[in-house]
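Q: I'm new to reading protein structures, and I'd like to go through one feature by feature. Can you walk me through it?

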Amino acid sequence: QVQLVESGGGLAQAGGSLRLSCAASGSILSVNAMGWYRQAPGQQRELVALITGGGNANYAESVKGRFTISRDNAKNTVNLTMNSLKPEDTAVYLCNGDIMTYTTRQTYWGTGTLVTVSS
């Protein structure tokens, strides 16, 4: 079994910073792309940032220049450093990973961590 567990969410003031982490564990052979998504109440889930196994990153336009995605391949972790937070960044943040095990390759999701940004 594979599990992804997020941590680091919480309450921040506008202009502040938070750092999210996500750790993948289980019978993992390799982890390819990993990403952070977010879902605000009443809205669809949207991609925030994606990082390939080689470290190439892509960001949603709304977070470019403010958020940074990084990963530690040895630890199967992905992080999201969020600076200059805005109230519109308030959402549940979920990580996912394209993961190969001994029997399958599929996308796994964490359960999410809540980020609340006050004005």
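Q: In what sense do strand β4 and strand β9 pair?
A: Keep in mind that this is a predicted model. Strand β4 covers residues 28-39 and strand β9 covers residues 91-101, and they pair in the antiparallel sense, with 9 bridges. For one spot to look at, find Arg38, which stands opposite Tyr93 in β9.

Q: How many bridges join β4 to strand β5?
A: There are 5 bridges, and β4 and β5 (residues 46-51) run antiparallel. Try tracing one of them: Met34 has Ile51 in β5 as its bridge partner.

Q: What about the hairpin of β4 and β5: which residue there takes a positive phi?
A: That's Gly42, with a phi near 75 degrees, and the hairpin has 6 residues between the strands. You can also spot a positive phi in residues that are not glycines. Asn76, with about 55 degrees, is such a case, and you'll find Asn76 in the loop between β7 and β8 (77-82). Ser84 is another non-glycine, with a positive phi of about 50 degrees, and its place is in the loop between β8 and β9.

Q: Is Ser84 buried or partly exposed?
A: For this you look at relative accessible area: under 20% is buried, over 50% is exposed, and in between is partly exposed. Ser84 has 40% relative accessibility, so it counts as partly exposed. Now compare Thr101, found in strand β9: its relative accessible area is 10%, so Thr101 is buried. The side chain of Thr101 also reaches the backbone nitrogen of Thr103, at 3.2 Å.

Q: What is the order of the strands in the open sheet?
A: To get the order, you follow which strand pairs with which. The open sheet has 4 strands in the order β1-β3-β8-β7, with antiparallel pairing. The edge strands, β1 (2-7) and β7 (67-72), each pair on one side only. On average, neighbouring strands of this sheet are turned by 15 degrees against each other, direction ignored. Zooming in, β1 pairs with strand β3 (residues 18-26) over 6 bridges in the antiparallel sense, and the bridge partner of Glu6 in β3 is Cys22.

Q: Let's try charges. How many salt bridges does a search of the whole structure find?
A: The idea is that side chains of opposite charge can pair when their charged atoms come close. In this model the search finds 5 salt bridges. In one of them, Arg38 meets Asp89, with the closest N and O atoms 2.9 Å apart. This pair links distant parts of the chain, since Arg38 is in strand β4 and Asp89 is in the loop between β8 and β9, 51 residues apart.

Q: With which other residue does Asp89 form a salt bridge, at 2.8 Å?
A: With Arg66. Asp89 lies in the loop between β8 and β9 and Arg66 in the loop between β6 (57-59) and β7, so the pair ties together parts that are 23 residues apart in sequence. Both Asp89 and Arg66 are buried.

Q: Where do the side chains of Arg105 and Asp98 come in?
A: They meet in a salt bridge, at 2.6 Å from N to O. Arg105 counts as partly exposed because its relative accessibility is 49%, while Asp98, at 18%, counts as buried. Elsewhere, salt bridges that share partners join Arg38, Glu46, Arg66 and Asp89 into one network.

Q: Which residues form a nonpolar patch on the surface?
A: Look for Leu29, Met100 and Tyr102, which together have about 330 Å² of accessible area. Of these, Leu29 lies in strand β4 and is partly exposed, with a relative accessible area of 46%.

Note on methods:
Residues are numbered from 1 along each chain as its sequence is written. This is a predicted model: local features need pLDDT of at least 70, side-chain atom pairs count only at pLDDT 80 or more; totals for chains, interfaces and linings use all residues. Side-chain values use heavy atoms; hydrogens and water are left out. Two strands pair if DSSP finds at least two bridges between them. Helices (H or I, at least four residues) and strands (E, at least two) are DSSP runs, numbered from the N terminus. Patches are made of residues with over 30% relative accessible area and no salt bridge: like charges are joined within 9 Å, nonpolar side chains (Val, Leu, Ile, Met, Phe, Trp, Tyr) within 5 Å. Accessible areas come from the Shrake-Rupley method with a 1.4 Å probe; for residues, only the protein chains shown count as cover. A salt bridge is a side-chain nitrogen of Lys or Arg within 4 Å of a carboxyl oxygen of Asp or Glu. Buried means under 20% relative accessible area, exposed over 50%, partly exposed in between (1.4 Å probe, protein chains only). Axes are lines fitted to C-alpha atoms, for helices over the stretch in contact, and angles run from 0 to 180 degrees between N-to-C directions. A polar contact is a pair of N or O atoms within 3.5 Å; within protein, one must be able to donate a hydrogen and the other to accept it, and residues adjacent in sequence count only if both atoms are side-chain atoms.
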